[in-house]
Amino acid sequence: MKTKLVVLFFFFGYTDLFSQDTKNPVTAIPMEQVPVEIAAGPVQPTWTSLGDHFKTPTWFRQAKIGVWLHWGPQSIGEDGDWYAKWIYMPKYAWGDYTRVYPHHLKRVGHPSQFGYKDMLPLWKAEKWDPEKLMALYKRAGARYVIAQGMHHDNFDLWNSMYQPWNAVAIGPKRDIVGGWKKAADQQGMKFGIAFHGDYSLFWFQPAFLSDLEGPLKGVPYDGAQHYTGKDNWWKKQGLDLKDLYGIDLKDDVVYPAGFKGDSVAFRMSDPLSHGIPDGNLSKHIDFARWYATKWTNRVVDAIDQFSPDFIYFDGGGSYPFCGWFTGRGYRADATPRVIAHLYNKSMAKNGGRLEAMAFTKGNEDPRAIAVNVESIVPDGIKKDQPWQTESGLGEWFYLKGTFYESSMVIHQMLEAISRDGNYVINIPLTPAGELDPGGEQTLKDMGDWMDMNAEGIYNSSAWKLWGEGTVVMPSGNLGPDQAATPYTSQDFRFTVNNGHLYAWLMAWPSTHVVVIKSLASNAGKINSVEVVGSKSRPRWKQTANGLEITLPANPPCKFAYGLKIAGNIF
């Protein structure tokens with residue numbers, strides 16, 4: 001029961017984002033200024049100032065499709081998401097993730113002897129070819145990419161000035177972010193960096209615990225082992241475990257009223273380690289200040305090194321260091337500070353015009369940023385704020401045996417774009433840095449589809465309705481359930497571009513006849529109907545019941561089919 005409650009708590013922020021309830025439950029806590037200097041300019045490190053200056057760049061509206069480069073050392077386990085955390089949770093991980101602990105034992109040993117820090121040197125990225133991959137992403141239709149800068153594992157994927165645990169010093173000994181950036185520039189694609197490290201303030205708390213049973217019961221996992229010894233490779237490199245795992249925050253755990261159970265089991269039962277309730281300050285507030293300052297320096301460093309077109313924050317439930325959840329009672333201007341740094345640098349570079357943007361999963365002023373949501377779409381059209389839906393094909397980090405099926409990617413993309421959003425897909429890379437054959441085929445299929453149908457996608461906007469039909473793809477990362485979405489020939493999604501309405505037919509009818517009810521004769525006069533990519537002209541008639549179209553004998557492509565319609569319908 002506890003695990004189910006935790007999952008609901010973790011995901012509530014995603015669904016609330018579309019309603020844009022920006023009330024911060026702990027605004028009574030003063031907003032502290034992080035002591036990190038940022039670029040001078042008109043934008044100040046406040047949400048209000050960000051909102052006063054932000055305007056959606058034209059490139060974002062035009063691009064529509066992006067690729068998530070969600071790749072890093074956690075892929076080394078080939079065991080899916082949050083590997084760095086689940087190896088310390090033998091019984092209390094979410095759902096099927098209890099598989100990770102025994103897999104880790106079998107692969108390398110017990111986490112008291114071989115923890116996540118010891119996995120880092122095993123990640124070599126030996127077959128990673130960013131130029132080849134970026135060409136595949138461009139051909140698949142993507143016009144921008146999101147590169148992982150740091151995940152919850154607190155490991156920086158560039159030559160970080162402020163985090164010695166990074167990919168240039170450990171593991172592949174390569175600048176991963178820099179490699180992605182160079183390849184994106186060569187392809188003329190917009191480039192962004194994602195920062196998930198705010199979670200790391202408390203995310204590694206299970207690494208300070210121990211087994212509750214078995215032969216190593218009570219032996220601390222490696223997060224608590226700050227001992228010295230001849231075999232400590234990380235000591236020889238001058239590394240400190242605090243920079244990776246943080247500190248033990250057990251003093252901050254809040255137990256339910258009347259709790260009489262095992263305190264260690266309780267801590268392990270919650271993957272988020274029981275964040276501080278609204279308004280309650282952490283006993284480790286000095287650590288929170290230290291961590292937020294370091295985090296801010298790291299993000300500013302990445303912005304200075306790579307001049308990204310946008311930055312992205314995962315910020316669970318709200319945004320980093322907001323006073324609750326990831327902030328653990330500490331409210332600071334870390335997030336608006338780094339966004340202001342990016343915006344000022346962009347304006348200086350572009351003659352006073354802001355061409356950069358930021359994505360968050362929460363904010364105090366919806367005018368300030370674009371919204372990013374994970375694997376869901378709004379119930380209706382959302383035009384008041386730029387947004388994107390991101391989705392993982394399978395797990396966010398590589399899982400051996402990932403299920404691949406191309407039609408669900410096209411269909412999910414149309415679900416997002418028809419509601420006036422952008423769509424970003426992650427196809428996980430292996431630890432070595434390659435795509436599975438299924439992943440390569442998915443990108444090829446996306447490219448084939450876009451070659452024919454791009455005219456109704458790039459630079460498009462929503463119509464007055466997002467679609468017709470009762471079938472909508474279920475939320476969640478792409479897998480068998482999404483692939484089995486029972487679309488019929490009555491299901492359409494709509495986009496508008498260059499004076500035409502594009503009605504996207506989600507399933508080809510066996511009768512070759514479809515009816516678009518929203519285009520009945522009272523909707524306005526139809527002048528022409530084409531099937532995108534087909535040389536055959538369809539027969540059509542507009543009646544009181546809808547626009548009835550008799551399609552050609554053969555569909556022009558796979559997955560979804562564009563009907564290009566002109567008329568007095570806007």
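# Helix packing and buried residues in a predicted model

Q: Which residues does N166 touch, not counting those up to four places away in sequence?
A: Contact means heavy atoms within 4.5 Å. N166 is placed in the loop between β2 and α8, where helices (H or I, at least four residues) and strands (E, at least two) are DSSP runs numbered from the N terminus. With residues up to four places away in sequence left out, N166 touches F155, D156, W158, N159 and S160.

Q: What pLDDT do local features need in this predicted model?
A: Residues are numbered from 1 along each chain as its sequence is written, and side-chain values use heavy atoms, with hydrogens and water left out. In this predicted model side-chain atom pairs count only at pLDDT 80 or more, totals for chains, interfaces and linings use all residues, and local features need pLDDT of at least 70.

Q: Is N166 buried or exposed?
A: Buried means under 20% relative accessible area, exposed over 50% and partly exposed in between, with a 1.4 Å probe and protein chains only. The relative accessible area of N166 is 4%, so this residue counts as buried.

Q: Which residue has its backbone nitrogen 3.0 Å from a polar atom of the side chain of N166?
A: A polar contact is a pair of N or O atoms within 3.5 Å; within protein, one must be able to donate a hydrogen and the other to accept it, and residues adjacent in sequence count only if both atoms are side-chain atoms. For N166, the partner at 3.0 Å is the backbone nitrogen of V168.

Q: Which residue caps the N-terminal end of α8?
A: Helix α8 covers residues 176-187, twelve residues in number. From its first C-alpha to its last it reaches 17 Å, close to the 16 Å expected; the expected span is 1.5 Å times one less than the number of residues. A side-chain oxygen lying 3.4 Å from the backbone nitrogen of V177 provides the N-terminal cap, and it belongs to D175.

Q: Which elements are among those that cover the buried residues of α8?
A: The buried residues of α8 are I176, V177, G178, G179, W180, K181, A183 and A184. Their cover includes β1 (65-69), α7 (130-140), β2 (144-150), β3 (190-195) and α12 (285-306).

Q: Are α12 and α13 roughly parallel or roughly antiparallel?
A: α12 and α13 (residues 334-349) pack with their axes 10 Å apart and at an angle of about 15°; axes are lines fitted to C-alpha atoms, for helices over the stretch in contact, and angles run from 0 to 180 degrees between N-to-C directions. Angles under 35 degrees count as roughly parallel, over 145 as roughly antiparallel, 65 to 115 as roughly perpendicular and the rest as oblique. The angle therefore makes α12 and α13 roughly parallel.

Q: Which residue has a side chain in polar contact with the side chain of H341?
A: H341 is in helix α13 and, at 4% relative accessibility, counts as buried. Leaving aside neighbours within four places in sequence, H341 is in contact with I38, A39, V300, I303 and D304. The side-chain polar contact of H341, at 2.7 Å, is with D304.

Q: Which residues of α14 and α15 make the contact?
A: α14 (residues 406-417) and α15 (residues 437-453) pack at about 50°, with axes 9 Å apart, and are therefore oblique to each other. The contact is made by S406, V409, I410, M413 and L414 of α14 and by Q441, T442, D445, M446 and W449 of α15.

Q: How many Å separate the C-alpha atoms of W449 and Q388?
A: W449 lies in α15 and is buried, with a relative accessible area of 2%. Not counting residues up to four places away in sequence, W449 touches I410, M413, L414, I457, W504, C557, K558, F559 and A560. Q388 is 61 residues from W449 along the chain, and their C-alpha separation is 21 Å.

Q: Which residue has its backbone oxygen 3.4 Å from a polar atom of the side chain of K64?
A: K64 lies in the loop between α3 (58-63) and β1 and is buried, with a relative accessible area of 0%. Outside the residues up to four places away in sequence, K64 touches several residues, including Y458, N459 and S460. The backbone oxygen at 3.4 Å from the K64 side chain is that of S460.
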